[in-house]
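The following exercises examine the overall form of a protein chain and its aromatic rings. Please study the sequence and the structure before reading the solutions.

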Amino acid sequence: MTARALVITGYGLNSEEETAHGFDHVGFETEILHINDLADNPKELDNVQAISVPGGFSYGDDTGSGNAFAQKMRLTLGDSLKEFIARDTLTIGICNGCQVVVNLGLVPAINGEYGARQVAVTHNASARYQCRWIDMKVENKTSPWLQNIETLHVPVAHGEGRFMMEDKTLNTLKANDQIALRYSKNGESANGEFPFNPNGSTDDIAGITDESGRVLVLMPHPERGMFSWQRDDYAALKDKARRDGQALSDNSDGIKLFQNAAEYFGVNAMKKAG
């Protein structure tokens, strides 16, 4: 079958092409749609199975990263988004999109309280923009996005990626298995150590979900680490594969999230192999 994916763009979001390519690559029928066009016709969501709010710098981050874009979505699409999530659909927010979806209150939505902002994504502890490759451990293996994935090696590029929350909220996230991804060092917890945890995020959190696991937000960029030739260690991986007499796969860690989304909807995609 074919499923439809919608990648929202506009007002400074700038990773829509890469994100759409990820969905296309695994067999989705994908459309990039400006937020104003979606606001004019919210019924577009009725025929969509997956939506993404991609990375970028919406509204120049002038009122806090993702805040203004979230307000626009809330005022124009709030009820439609809640109806979309209530269906058997998938939603992903990446980097600036993570900040938008958090500000919308679509995650963590503890006790089903969609629309209530329960966590914050704020300035990096370093007070610096961080752009580097990082490692993550997958903590929530029940999320459709993260099935059969143990670790991820992808880039980060943000100045406000630090998850913060009250202790009560953190404890609830742990109890509900809503901490999706944690920054790691050599396969173990980063324990807040920079640069392995690039932003000082509470409990090394890199991504969280709603209670269903179908809404995922993460600060790192899977769409910028979908293929082996994008990786920072590509030359070393290629040389090792050659020495071992093996072919290096074109696919890398980031594409796995898109593959899982495709498999969730039974999408047939010849391109998934590799």
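Accessible areas come from the Shrake-Rupley method with a 1.4 Å probe, and for residues only the protein chains shown count as cover. This is a predicted model, in which local features need pLDDT of at least 70, side-chain atom pairs count only at pLDDT 80 or more, and totals for chains, interfaces and linings use all residues. Residues are numbered from 1 along each chain as its sequence is written, and side-chain values use heavy atoms, leaving out hydrogens and water.

**Exercise 1.** State what area the chain exposes and what share carbon and sulfur atoms supply.

*Solution.* The exposed area is about 11600 Å². Of this, carbon and sulfur atoms supply 46%.

**Exercise 2.** Determine what percentage of the residues is buried.

*Solution.* First, buried means under 20% relative accessible area, exposed over 50%, and partly exposed in between (1.4 Å probe, protein chains only). By that criterion, 53% of the 274 residues in the chain are buried.

**Exercise 3.** Classify the aromatic pair of F23 and W145.

*Solution.* Rings of Phe, Tyr and Trp (its six-membered ring) pair if their centres lie within 6.5 Å; planes under 30 degrees apart count as stacked, over 60 as edge-to-face and the rest as tilted. The count by this rule is nine aromatic pairs. For F23 and W145, the centres are 6.5 Å apart and the planes stand at 70 degrees, an edge-to-face pair. Next, consider burial: F23 has 0% relative accessibility and counts as buried, and W145, at 0%, also counts as buried. Finally, ring pairs link F23 and W145 with F28, F258, Y264 and F265 into a cluster.
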